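Colleague: I would like a close look at one helix pair in this model, with its surroundings added where they help. Please keep to geometry and contacts, and give cut-offs for the terms you use.

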Amino acid sequence: MSDAKQKEVKKESAGEAKPPIDLEALVERTRRAQRIFADFPQEKVDEIFRSAAIAANQSRIRLAKMAVEETGMGIVEDKVIKNHFAAEFIYNKYKDVKTCGLVEEDKTYGIHKVAEPIGIIAGVIPTTNPTSTAIFKALITLKTRNGIIFSPHPRAKRCTVEAARTIHDAAVAAGAPEGIIGWIEDPTVELSGRLMQHPHVNLILATGGPGMVRAAYTSGKPAIGVGAGNTPAVIDETADIQLSVSSILLSKTFDNGVICASEQSVVVVDAVYEKVKKEFAARGAFLVQGSDKKKLASVILKEDGGLNAAIVGQPAHKIAEMAGIKTPNDAKVLIAEAERISDDECMAHEKLSPVLGMYRAKDFDEAVDKAKRLIEFGGMGHTGVLYTDPANSERIAAYGDRMPVGRVLINMPASQGAIGDIYNFRLEPSLTLGCGSWGGNSVSENVGIRHLMNFKTVAERRENMLWFKVPPKVYHKYGCLPFALAELNDRKRAFIVTDKPLYDLGYTLKVQNVLEKMGMACETFFEIKPDPELADIEKGLSIVNAFKPDVIIALGGGSPIDAAKIMWLMYEYPGITFANLAMRFMDIMKRIYTFPTLGKKALMVAIPTTSGTGSEVTPFAVVTDNRTGTKYPIADYELTPDMAIIDSELVMSMPKGLCAASGIDALTHSIESFVSAMSTEYANAMALESARLIFKYLPDSYNNADVKSRSKMHTASCMAGMAFANAFLGVCHSMAHKLGGTFHIPHGVANAILITHVIRYNSTDVPLKQATFPQYAFPEAKARYARMADYLGFHGKTQDDKVENLIVNIEKLRDTVKIPSTIQGAGIDEKDFLAQIDQLSELAFDDQCTGANPRYPLIREIKDIYLKAYYGK
């Protein structure tokens, strides 16, 4: 016994009791120091961190001797290494890491991260690693500007306190506030509990037995604790046996096995089992045989099934002596073969000593299964080891997948490997190894400085990246069809999608004749109905799959083009499901379901024969689910055609009713895209000019059907399509989709009835809710409507006057082309409408177009708009 220890015993025997610990004063002292320390700059913190690390490193031998002397556990030389690791490796890892103030900045994205200390940390220290753990926790505390109060294990209090004092004094000498590190001189369970529950303690950093860690997590404070280790090491038939055995012995003998990550069992496949056993014996392990196994078992576990503390950290020959087993004094490890993984099998337990269980497995899969069961039995979340040929990537992956642990180590000693930065330089160096939720812990990784900081994220407002996406090729002019189709001269098989009226009128022949002269095989599907249904698409798809085209040509209004887009997608990706395609999104660039890349099998060409939908240049397709009657707007830029041919010759015979409905539909595209929360200057230019063309030429196109007016309307429709393809639409289209799908009102007619009511609804500077989009800074729908009115020549003295003049002129245009002004006027029965209005309103709210509306609508507000549009109020 040392002189110091003898003096301590004499004091105790003489009745010289130490004064009671004033926990309040201790906490307050550290708290005051930490408040000062929290304002230290990075340079000063780093100087203190370095000085403390140097002091710990210089005391590594002295502290190691104290630890072994006081606890009676472990090996001085190995504790020296642990102390050295805790000082040197921790310093090296974090010396250049920013922990004060601004630690990360991304000016492009407007993100700044600021590190702040947590405050006061309660550091619970185990008896197995008392000085190295104290060094580790003290250093990471200083690096992060926290204060720490140590609660040592009663059987390791002197060496723990000395480690804390050594670092404290060095830190203070370097400029740290006095009291930044504190300690309980005479710890008890009751004092530890009071410390952990103290109102000024901000975090518990607990390393110790399951009871202490559990107490930390139930203290009501944020806690970082660790779980028990029961590390299995699997050796398969491809492993380097010498490396495997030597590594395990290196780990298991290190500090007499007290590191929680050390191997507790080895599982060896049958093909090399005897070789491994022989190698263990040759390398100094002692294999316990016969009746000696029972003797060994009697000293490992107590009668209650708990680990016998007397064997923890003791050398192999001493444990054998306790069991009455004769072994050489230089025996490194005691190995006993085992079969069961159960409470009554001592080899299946964590032993924290140079005692190792050895299990046989018939093959790799069984070995992994046994290793997993050992972890589940007593080491959830901690560590698992595999020895295999490094080229066995599949086995390494399989082992990692199966093990419920935070650390999967490949071909390395567990004790030295798990603590990091020795056998793998990206594994964080640490003496507190988290076990995650598997082991009842809050972290599953090696604990480090980032766990001891709060991070404030300063996020500056940024706008989304914007875009303007249209087909790569757009051909336009009266009679341009055959010239544009000549671009397809490298294609062999064309599939034409249209509707029956166009087919009967011979429109498809205009396309087919050109293509056949180019030597192209053609197939036509003409069964697309207005508001295309899934059933029609699936029928056409079966023909597409058989024909195998390399170009799909959509000829018609919005319905054939929309149907062809979905056929194109399903042709290229047969396994795709409609439910995924129709999934709603908030941001088209961040959607849950990502559309695959199209064009690998076929190009998509769109040739509109109406002037309204703009589908030939948009990423949208509106499809009705015939099973539910629901109309789904489907959107993704992959659906944008590769080529659009805007030939006004194809719209010369368009009926007046279709001319009117599609014309007002195009106008609604212009208006809604212009006031959309996602509008841009690029889209605005298209929206304004298309609206001007429509107001000027739709009446003549409707009444006279002359070449000029029809050509201008065809151009306006395409331009409006480009606008809403990039700025999106609003609640008018949401409501029109559901109204048309339920009551079979043509889409353009539904828009014509609703648009003026939606303009009045949106035209307020104080909406109940506004759209959420970063570039939409404040409510400005009224100002945008007024700006459009000015552009169109509908001037007024105030914004309200201009908006009203815009509405009046829309109503005049609607009347000119003889579209009803109300839903009731469209022939919808009042009783039927009112019976459906609540569902209509909810469906419209959830429509894909609603999100871009400048005023974010409530369902009851949508219902009110429907009622006004029905009665014309």
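How do helix 27 and helix 29 run relative to each other, roughly parallel or roughly antiparallel?

Modeller: This is a predicted model, in which local features need pLDDT of at least 70 and side-chain atom pairs count only at pLDDT 80 or more, while totals for chains, interfaces and linings use all residues. Residues are numbered from 1 along each chain as its sequence is written, and side-chain values use heavy atoms, with hydrogens and water left out.

The angle between helix 27 (residues 747-762) and helix 29 (residues 799-816) is about 175 degrees, and their axes lie 10 Å apart. The two helices are therefore roughly antiparallel to each other (over 145 degrees; angles run from 0 to 180 degrees between N-to-C directions, and axes are lines fitted to C-alpha atoms, for helices over the stretch in contact). Helices here are DSSP runs of H or I with at least four residues, strands are runs of E with at least two, and both are numbered from the N terminus.

On the helix 27 side, Ala752, Ile753, Ile755, Thr756, Ile759 and Arg760 take part in the contact (heavy atoms within 4.5 Å). Their partners in helix 29 are Val803, Glu804, Leu806, Ile807, Ile810, Glu811 and Arg814. Lysine 818 belongs to the loop between helix 29 and helix 30. Although lysine 818 is not a glycine, its phi is positive, at about 60 degrees. With 64% relative accessibility, lysine 818 counts as exposed (over 50%; buried is under 20% and partly exposed in between, with a 1.4 Å probe and protein chains only).

Further along the chain, the loop between helix 30 (830-845) and helix 31 (859-871) holds aspartate 847. Aspartate 847 is buried, at a relative accessible area of 1%. Its side chain comes to 2.9 Å from the backbone nitrogen of cysteine 849. Neighbours within four places in sequence aside, aspartate 847 touches Arg584, Pro633, Ser734, His737 and Lys738.

Helix 25 (residues 707-727) makes a useful second case. Its 21 residues should span 30 Å at 1.5 Å a residue, and the end C-alpha atoms are indeed 30 Å apart (the expected span is 1.5 Å times one less than the number of residues). Because 17 of those 21 residues are buried, helix 25 is largely enclosed by the rest of the structure. Its N-terminal end is capped by aspartate 706, which places a side-chain oxygen 3.3 Å from the backbone nitrogen of lysine 708. At the other end, helix 25 is followed by phenylalanine 728, with a positive phi near 70 degrees.

Two buried residues from other helices belong with this description. Alanine 683 sits in helix 24 (residues 681-703) and has a relative accessible area of 0%, so it is buried. Outside its neighbours within four places in sequence, alanine 683 contacts Phe468, Ala723 and Ala727. Between alanine 683 and alanine 725 the C-alpha distance is 8.5 Å, with 42 residues separating them in sequence. Histidine 669, placed in helix 23 (residues 656-675), is buried with a relative accessible area of 3%. Its contacts, again leaving aside neighbours within four places in sequence, are Gly612, Thr613, Ala720, Phe724, Leu729 and His733.

For comparison, there is a separate site at lower residue numbers. Threonine 128 lies in the loop between strand 3 (120-124) and helix 6 (130-143) and is buried, at 13% relative accessible area. Sequence neighbours within four places excluded, threonine 128 meets Met73, Lys79, Lys82, Asp255, Val258 and Val312. Leucine 352 is 224 residues from threonine 128 in sequence, yet their C-alpha atoms are 8.9 Å apart. Leucine 352 is in the loop between strand 11 (334-338) and strand 12 (355-361), is buried at 14% relative accessible area, and has a positive phi near 45 degrees. As for helix 6, 14 of its 14 residues are buried. Helix 6 reaches 20 Å from its first C-alpha to its last, close to the 20 Å expected. Arginine 145, which follows helix 6, has a positive phi near 65 degrees.

Conventions
Parallel < 35°, antiparallel > 145°, perpendicular 65-115°, else oblique. Polar contact = N/O pair within 3.5 Å; in protein donor to acceptor, adjacent residues only side chain to side chain.
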